[in-house]
Structure formats: structure tokens, C-alpha cells
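Grab the sequence and the 3D view, and let's work through some exercises together. Try each task yourself before you read the solution under it.

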Amino acid sequence: MPKMKTHRGAAKRFKVTGTGKIKRNHAFKSHILTKKSAKRKRNLRKAAIMSAADAQRVIKLIPYK
């Protein structure tokens, strides 16, 4: 059986933590920033942990991470 291919788009967007959880970045941080509060923009900088249901789908896309 051939090796599975990693989904390169997913590999660039998600990282796996030491405990196997999926880490992601927040959306809505690229433009139209003037109307967003400083607190909101600051919190968008921080990475977030994916929900378990979504993480199962992402794990299939990045099998060797």
C-alpha cells in the first residue's frame, strides 16, 4: 500500500501539540481592522485548540504530523 499524502494546505494551517490536540489560528485578522477593538485584535493573535469533532477531520489530512 502506498504512503498517504499530506494535505499541504492543512499542514500549513494546523499544528499538532505534544498531547495530540490540533492548534489553529483565528480568522478575521487580515483586514478591516479599524472597526475592531484592540482587545479583540489582541485575542485574535493567540492560537486556539480545535474542537474534538473538527480535530478528527483535520487529523486525517495531516497523517504524519
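**Exercise 1. Work out how strand 1 and strand 2 are joined, and how many bridges do it.**

Step one: find the two elements. Helices and strands here are DSSP runs, numbered from the N terminus, with at least four residues of H or I for a helix and at least two of E for a strand. Strand 1 covers 15-16, and strand 2 covers residues 22-24.

Step two: count the bridges. Two of them join strand 1 to strand 2, and these strands run antiparallel. Two strands pair if DSSP finds at least two bridges between them.

Step three: pick a facing pair. K15 stands opposite K23 in strand 2.

Step four: zoom out to the sheet. Three strands make up an open sheet, ordered 1-2-3, with antiparallel pairing. Its edges are strand 1 and strand 3 (48-49), each of which pairs on one side only.

A quick word on the ground rules before we go on. This is a predicted model, where local features need pLDDT of at least 70 and side-chain atom pairs count only at pLDDT 80 or more, while totals for chains, interfaces and linings use all residues. Residues are numbered from 1 along each chain as its sequence is written, and side-chain values use heavy atoms, with hydrogens and water left out.

**Exercise 2. List the elements of the chain in order, starting at the N terminus.**

Step one: take stock. The chain has three helices and three strands.

Step two: walk along from the N terminus. You should read α-β-β-α-β-α.

**Exercise 3. Find the residues of the largest nonpolar core and say which helices each supply at least two of them.**

Step one: know what you're looking for. A nonpolar core is a set of buried Ala, Val, Leu, Ile, Met, Phe, Trp, Tyr and Cys residues joined through side-chain atoms within 4.5 Å. Buried means under 20% relative accessible area, exposed means over 50%, and partly exposed is in between (1.4 Å probe, protein chains only).

Step two: collect the members. The largest core has eight residues: A10, A11, F14, I22, M50, A55, V58 and I62. Helix 1 (8-13) and helix 3 (52-61) each supply at least two of them.

Step three: follow one member. A55 touches I22 and M50, leaving aside residues up to four places away in sequence; contact means heavy atoms within 4.5 Å.

Step four: put it in context. In soluble globular proteins, nonpolar side chains tend to be buried together. In this chain, 17% of the 65 residues count as buried.

**Exercise 4. Track down the salt bridge and describe its two partners.**

Step one: apply the rule. A salt bridge needs a side-chain nitrogen of Lys or Arg within 4 Å of a carboxyl oxygen of Asp or Glu. The count by this rule is one.

Step two: name the pair. R57 bridges to D54, and their closest N and O atoms are 3.4 Å apart.

Step three: see how they line up. R57 and D54 are three residues apart in helix 3, so about one helical turn separates them.

Step four: check the exposure. R57 is exposed at 59% relative accessible area, whereas D54 is partly exposed at 30%.

**Exercise 5. Compare the phi angles and exposure of F28 and I32.**

Step one: locate them. F28 lies in the loop between strand 2 and helix 2 (38-45), and I32 is in the loop between strand 2 and helix 2 as well.

Step two: read the angles. F28 isn't a glycine, yet its phi is positive, about 70 degrees. I32 isn't one either, and its phi is positive at about 55 degrees.

Step three: add the exposure. F28 is exposed, with 65% relative accessible area; I32 is partly exposed at 46%.

**Exercise 6. Decide how the chain's radius of gyration sits against that of a compact globule of 65 residues.**

Step one: get the yardstick. The radius is taken over C-alpha atoms, and the globule rule is 2.2 Å times the number of residues to the power 0.38.

Step two: set the values side by side. A compact globule of 65 residues would come out near 11 Å, but this chain has 15 Å.

Step three: look at the overall span. Along its principal axes, the C-alpha trace extends about 50 × 25 × 20 Å.
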